[in-house]
Each structure stands twice: as structure tokens, then as C-alpha cells.
Amino acid sequence: MREAFSFYGKFFNINTTELDLDMLIENYREDLEEANSFNLFQVGGVREKDHVNFWCLSKVLSPQLYVESGVFIGSSLHAFSKSSTLKKIIAIDPNLNALRIPKQNLATTEFIGNQDFSQIQIDDIPEYSLAYFDDHINTASRIIQAKQKGFKYLLFDDSTGFEGVCQRLYPATPTVPMIVNWEILKPSQVIEWTWSSPVPLKNNLKNGIKKIIGTDSINNTRVQLKIDETLIQQCKEANSLIKQYSKIPDFGEFLPQTLPEIVIDTTKYIIELID
């Protein structure tokens with residue numbers, strides 16, 4: 001927690017030296033116990049290392065509005081919902097039935113299951129607001145949409161470098177590293193990788209960028225990402241809206257994983273947009 005407070009204090013230029021760490025530790029223990037009672041640390045939810053990270057982020061930023069696209073079972077939503085400064089939460093997911101947090105515990109939350117982030121109207125966005133995207137959707141589009149709506153601070157999951165991209169069936173391409181390094185992308189470049197699934201998959205098209213180009217008998221799926229001029233220009237536009245960005249700390253350095261998992265890049269990026 002000390003590491004988190006130091007990082008976010010520097011990123012937001014907020015003094016965190018007066019935070020009562022002992023009190024915050026006790027508060028987090030209570031919230032962690034509640035999260036465990038809801039069984040939030042299972043496959044599909046964020047890990048414990050992300051939960052404490054997000055909890056600390058909310059304590060430093062003290063957002064009045066929090067929007068999450070891709071709620072699923074609610075593990076990240078739970079961490080952010082514990083901020084006492086929140087006046088409103090908007091939780092977006094096409095399958096809100098998967099949510100494990102009792103809705104009465106989220107009294108200030110508006111649940112949206114039939115609209116995308118790009119479609120919702122949000123009026124009077126406070127300066128200290130945060131939008132978190134864990135929806136595997138085109139990061140450049142999300143940055144542009146968030147800027148149009150008036151958001152300043154964004155957080156992204158599944159938006160990694162190429163190594164992490166190739167560990168996912170649906171990475172949020174173009175990802176943050178692709179956007180901030182758009183000049184190295186060239187039209188006609190093609191990236192292909194194999195994604196293994198324990199269950200059969202239907203052919204699908206995601207965002208018009210990636211497509212499954214074949215599935216063999218043991219459920220190894222070949223995925224293809226084509227770089228074209230349209231994608232590059234979108235990355236360039238999104239990059240022009242970024243004031244600063246950073247990887248958030250990975251607390252796997254301090255916390256062991258509790259579920260057996262394959263090695264996968266869980267890097268998450270925080271972004272501040274230009275005024």
C-alpha cells in the first residue's frame with residue numbers, strides 16, 4: 001500500500017504523505033474480507049494484487065464519478081466502490097447477471113446492460129473522475145470516446161505490448177503501447193498467434209480488427225491482427241490526446257497468486273488526457 005500511495009501521489013501530483021497508513025490498512029482488511037465473502041477472486045475477476053492496487057488508487061484520486069466498462073463478477077468494481085468521495089458509479093456489462101456483489105451494496109450505482117460506453121450520455125463530469133476499461137475493446141477508440149465525454153483519467157486492462165497481445169484471444173487492440181509507439185507501425189504488417197482454449201469456440205469477428213482464421217481439433221485458435229493505415233491514424237489521433245501515461249505497479253512482487261494460472265502479462269496502464 002505504501003508503494004501504491006507513492007506511485008499514485010506522483011502520477012496525480014497529490015501529496016500522500018499525510019495519509020494514515022495504519023488506519024487505511026485496517027479499512028482495507030475489512031473490505032478484503034467482504035470481497036472474499038462474495039467470492040470475487042475467481043477466474044474472470046481481477047486478482048488480489050489488482051484489488052488492493054485499485055483500492056489504493058481510489059483513495060489517492062478520490063473520484064466523484066467512477067465508470068467501469070466490463071464489470072463481469074465485480075471484483076474491480078468492489079475495490080473502487082469503497083471510495084467515500086464517490087457520488088455516482090456507472091457499471092457497464094452486457095451480462096450483469098454475473099455480478100456477485102449484492103446490488104443493495106452499490107446504492108450509488110447505475111447499471112447499464114444494453115448500451116456500450118460510447119453510447120451513454122454523462123453530464124457534468126467532475127475533474128476527479130475515472131473510467132476503467134476491462135472490456136477488450138479498441139483502446140484508441142476508448143481514448144477518443146472518453147476525451148469527447150470529458151474524462152481526464154483512464155485505466156486500461158488487456159491493453160498490453162505485443163507479448164501480452166499474443167497471450168489473449170481478444171486483446172484491446174490497438175493497445176496502449178501500440179498507440180504511444182504508433183510511428184513504428186507499418187501498413188501491411190500482420191501479426192498471427194495461437195490461442196488455446198479448453199472449450200470449443202465459435203468463429204467470431206471482434207472490432208473489425210481481429211478474426212479467428214481457423215480452429216483445430218484440440219481448440220488451438222489462430223488469430224490474426226492486420227495493421228493498416230486506418231488503424232495507424234487512429235493510434236496517432238489517440239496518442240495526440242494523451243498528456244501522460246504509465247504502467248501501474250504490479251504487486252505480484254509482494255503478493256503470491258492464490259489460483260494456479262498460466263503466465264500471462266497482466267500489465268495495466270493509467271492515462272491522463274490533455275485538457
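Visitor: At what angle do helix α5 (residues 139–149) and helix α8 (residues 229–239) pack, and how far apart are their axes?

Guide: They pack at an angle of about 40°, and their axes are 9 Å apart. An axis here is a line fitted to C-alpha atoms, for helices over the stretch in contact, and the angle, from 0 to 180 degrees, is taken between N-to-C directions. Helices are DSSP runs of H or I with at least four residues and strands are runs of E with at least two, both numbered from the N terminus. This is a predicted model, in which local features need pLDDT of at least 70 and side-chain atom pairs count only at pLDDT 80 or more, while totals for chains, interfaces and linings use all residues. Residues are numbered from 1 along each chain as its sequence is written, and side-chain values use heavy atoms, with hydrogens and water left out.

Visitor: Why are α5 and α8 called oblique to each other?

Guide: Angles under 35 degrees count as roughly parallel, over 145 as roughly antiparallel and 65 to 115 as roughly perpendicular, with the rest oblique. An angle of about 40° falls in none of the named ranges, and α5 and α8 are therefore oblique. Their crossing is left-handed, a word used when the near helix is turned anticlockwise from the far one by less than a right angle, with right-handed for clockwise. On the α5 side the contact (heavy atoms within 4.5 Å) is made by A140, S141, I143 and I144, and on the α8 side by Q234, C235, E237 and A238. These residues divide into five nonpolar, two polar and one charged, where Ala, Val, Leu, Ile, Met, Phe, Trp, Tyr, Cys and Pro count as nonpolar, Asp, Glu, Lys and Arg as charged, and the others, Gly among them, as polar.

Visitor: What makes α1 and α3 an oblique pair?

Guide: The angle between α1 and α3 is about 45°, with their axes 9 Å apart, and the pair is therefore oblique. This time the crossing is right-handed. The contact joins A4, F5, Y8, G9 and F12 of α1 to N53, C56, L57, K59, V60 and L61 of α3, and by class it has eight nonpolar, two polar and one charged residues.

Visitor: Which residues of α1 are buried, and what covers them?

Guide: In α1, which spans residues 2–12, the buried ones are A4, F5, F7, Y8, G9, F11 and F12. Their cover includes α2 (21–37), α3 (48–61), β5 (153–156), β10 (242–247) and β11 (269–273). I270 is found in β11 and touches, among others, F7, Y8, F11 and F12 when residues up to four places away in sequence are not counted.

Visitor: How do you know whether I270 is buried or exposed?

Guide: Buried means under 20% relative accessible area, exposed over 50%, and partly exposed in between, with a 1.4 Å probe and protein chains only. I270 has a relative accessible area of 0%, and therefore it is buried. K147, which lies in α5, has 25% and is therefore partly exposed. Leaving aside neighbours within four places in sequence, K147 is in contact with L241, L273, I274 and D275.

Visitor: Why do C166 and C235 not form a disulfide?

Guide: A disulfide is a pair of cysteine sulfur atoms within 2.5 Å. The closest cysteine sulfur to that of C235 is in C166, 16 Å away, which is too far for a bond. The structure holds zero disulfides. C235 is buried, with a relative accessible area of 0%, whereas C166, at 28%, counts as partly exposed.

Visitor: What makes F72 and D158 worth a second look in their backbone angles?

Guide: Most residues other than glycine have a negative phi, and most peptide bonds are trans. F72, not a glycine, has a positive phi of about 50°, and D158, also not a glycine, has one of about 55°. F72 sits in the loop between β1 (65–69) and α4 (75–81) and is partly exposed at 34%, while D158 lies in the loop between β5 and α6 and is buried at 9%.

Visitor: Where is there a cis peptide bond?

Guide: The bond from T173 to P174 is cis, with omega near -5°, and P174 is found in the loop between α6 (162–165) and α7 (176–180).
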